[in-house]
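Please open the model in a viewer and keep the sequence at hand. The tour below proceeds by selections, each followed by what is to be found there.

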Amino acid sequence: MKEIVTIIRPEKLEILKSVLEEVSSGGMTISTVMGCGTQKGKIETDGVNEIKGLKTNINLLPKIKVEVVVNDKDVDRIVLEIQEKCASGHVGDGKIFIKKVEDVIRIRTGERGTRAI
């Protein structure tokens, strides 16, 4: 099993949800987050930090973080679909992180592994 963590532009959420529903991924966790990467916000200094030579990044952009656990065999297909459907071709489209999941346990029934997702 793998966990796919995707950080995308807010306007791409419905597209991403449809990709995950096509694969019958089970459930997903969605969070509103703020951040910046290559897109970088405006950097400003204030009087105190300017003396010390420190810069403060004040422009974090709203993003959506979607977490889903899927079967290993579905990972490549999901990643390709996300790339095709969520890319705008501009800086700030987001990132996809893939992590190994050792086990999953459904609290209600005690089911484990792929049966629990």
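Begin by selecting helices α1 and α3, whose crossing is right-handed. In this predicted model, α1 spans residues 13-22 and α3 spans residues 75-86; their axes come within 10 Å and cross at roughly 155°. Angles over 145 degrees count as roughly antiparallel, and α1 is therefore roughly antiparallel to α3.

Next, display the side chains at this contact. From α1, select Ile15, Leu16, Val19, Leu20 and Glu22; from α3, select Arg77, Ile78, Glu81, Ile82, Lys85 and Cys86. Coloured by character, the residues of this contact comprise seven nonpolar and four charged, with no polar ones.

Now keep α1 alone and select Leu13, Leu16, Val19 and Leu20, the buried residues of this helix. Turn the view until it looks down the axis of α1: the buried residues fall within an arc of 120° and so line one face of the helix. The spacing reflects a general property: an α-helix has 3.6 residues a turn, so residues three or four places apart point the same way.

What do the buried residues of α1 pack against? Add strands β1 (2-8), β2 (29-35) and β5 (61-70) to the selection and restore α3; these are the elements that the buried residues of α1 pack against.

Then rotate to the face of α1 turned away from its buried side, where the exposed residues Glu14 and Glu21 are found.

Finally, move just past the end of α1 and select Ser24, which takes a positive phi of about 55°.

Terms used. Residues are numbered from 1 along each chain as its sequence is written. This is a predicted model: local features need pLDDT of at least 70, side-chain atom pairs count only at pLDDT 80 or more; totals for chains, interfaces and linings use all residues. Side-chain values use heavy atoms; hydrogens and water are left out. Axes are lines fitted to C-alpha atoms, for helices over the stretch in contact, and angles run from 0 to 180 degrees between N-to-C directions. Helices (H or I, at least four residues) and strands (E, at least two) are DSSP runs, numbered from the N terminus. Angles under 35 degrees count as roughly parallel, over 145 as roughly antiparallel, 65 to 115 as roughly perpendicular and the rest as oblique. A crossing is left-handed if the near helix is turned anticlockwise from the far one by less than a right angle, and right-handed if clockwise. Contact means heavy atoms within 4.5 Å. Ala, Val, Leu, Ile, Met, Phe, Trp, Tyr, Cys and Pro count as nonpolar, Asp, Glu, Lys and Arg as charged, and the others, Gly among them, as polar. Buried means under 20% relative accessible area, exposed over 50%, partly exposed in between (1.4 Å probe, protein chains only). The arc is that of the directions from the helix axis to the C-beta atoms.
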